[in-house]
Amino acid sequence: MTTQQDNPDNEVICYCSGTKRGQIRELFLQGKDVEAISRWTGALTGCGGCEWDIQEFLEELAIEQSKQST
Ligand code: FES
């Protein structure tokens with residue numbers, strides 16, 4: 001059984017702003033770039049410690065998207 005906590009989209013990726021992976025995914029799918037995502041969510045506006053995780057996640061999403069479009 002999958003619970004809400006098992007959903008990776010519910011995982012917080014930026015602890016300063018409380019931004020979850022699902023929020024990043026949603027904005028990415030709307031075509032937002034990292035700067036727009038930061039403005040909308042507040043991610044990357046605190047300590048900056050999430051920068052690498054967010055970049056990596058955006059790369060994963062881009063790869064996922066390119067696989068779906070081929
Ligand atoms: S964890 Fe994202 S800015 Fe600090």
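**Figure 1. An overview of the predicted chain and its burial.** Buried residues account for 20% of the 70 residues in the protein chain. Please keep in mind as you browse that this is a predicted model. The protein chain holds three helices and two strands, and along the sequence they follow the order β-β-α-α-α. Taken along the principal axes, the box filled by the C-alpha atoms is roughly 35 × 30 × 20 Å. The radius of gyration is 12 Å, which agrees with the value near 11 Å for a compact globule of 70 residues. Among contacts with a separation of 6 or more, 41% join residues 24 or more positions apart.

**Figure 2. A look into the largest nonpolar core.** Ten residues make up this core: Ile13, Cys14, Ile24, Leu27, Phe28, Ile37, Ala43, Leu44, Cys50 and Ile54. The elements giving two or more residues to the core are β1 (12-14) and α1. Helix α1 gives the most, with three residues. Cys14 is a good place to rest your eye: leaving aside neighbours within four places in sequence, Cys14 is in contact with Thr19, Ala43, Leu44, Cys50 and Ile54. Of these contacts, Ala43, Leu44, Cys50 and Ile54 also belong to the core.

**Figure 3. Helix α1 and its buried side.** Here the residues to find are Arg21, Ile24, Leu27 and Phe28, the buried residues of α1. They cover an arc of only 130° around the axis, so they sit on the same side of α1. What covers them includes both strands, β1 and β2, together with helices α2 and α3. Three of these buried residues, Ile24, Leu27 and Phe28, are members of the largest nonpolar core. Just past the helix comes Gly31, with a positive phi near 90°.

**Figure 4. Helix α2 and what covers it.** In this helix, which spans residues 34-41, the buried residues are Ile37, Ser38 and Thr41. Their arc around the axis is only 100°, which puts them on the same side of α2. Among the elements covering them are β2 (19-20) and α1 (21-29). Ile37 is also one of the residues of the largest nonpolar core. Directly after α2, the chain reaches Gly42, where phi is positive at about 90°.

**Figure 5. Three residues in the loop between α2 and α3.** Let us walk through this loop from Gly42, which has its place here. Gly42 is partly exposed, with 14 other C-beta atoms within 10 Å. Apart from neighbours within four places in sequence, its contacts are Ser17 and Thr19. The C-alpha atoms of Gly42 and Lys20 are 11 Å apart, with their positions 22 residues apart along the chain.

Leu44 lies in the loop as well, and its backbone deserves a glance: phi is positive, about 70°, although Leu44 is not a glycine. Is Leu44 buried or exposed? With 21 other C-beta atoms within 10 Å, Leu44 counts as buried, since the cut-off is 20 or more.

Gly46 is found in this loop too, but Gly46 is exposed, having 12 other C-beta atoms within 10 Å. Not counting residues up to four places away in sequence, Gly46 touches Cys16 and Ser17. Although Gly46 and Cys16 are 30 residues apart along the chain, their C-alpha atoms are separated by 5.7 Å.

**Figure 6. Helix α3, with Leu58 as a landmark.** Helix α3 runs over residues 51-68, 18 residues in all, and reaches 26 Å from its first C-alpha to its last, close to the 26 Å expected at 1.5 Å a residue. How many of the 18 residues of α3 are buried? The number is one, so the helix lies largely in the open. Leu58 lies in α3 and is partly exposed, with 18 other C-beta atoms within 10 Å. Beyond residues up to four places away in sequence, Leu58 touches Phe28 and Val34. The first of these partners, Phe28, is one of the buried residues of α1. Leu58 and Ser38 are 20 residues apart along the chain, and their C-alpha atoms are separated by 12 Å.

Terms used. Residues numbered from 1 in each chain as written. Predicted model: local features only at pLDDT ≥ 70, side-chain atom pairs only at ≥ 80, totals over all residues. Helix = DSSP H or I, 4+ residues; strand = E, 2+ residues; numbered from the N terminus. Expected span 1.5 Å × (residues − 1). Arc of directions from axis to C-beta. Contact = placed C-beta atoms within 7 Å. Rg over C-alpha atoms; globule rule 2.2 N^0.38 Å. Core = buried A, V, L, I, M, F, W, Y, C linked by C-beta atoms within 7 Å.
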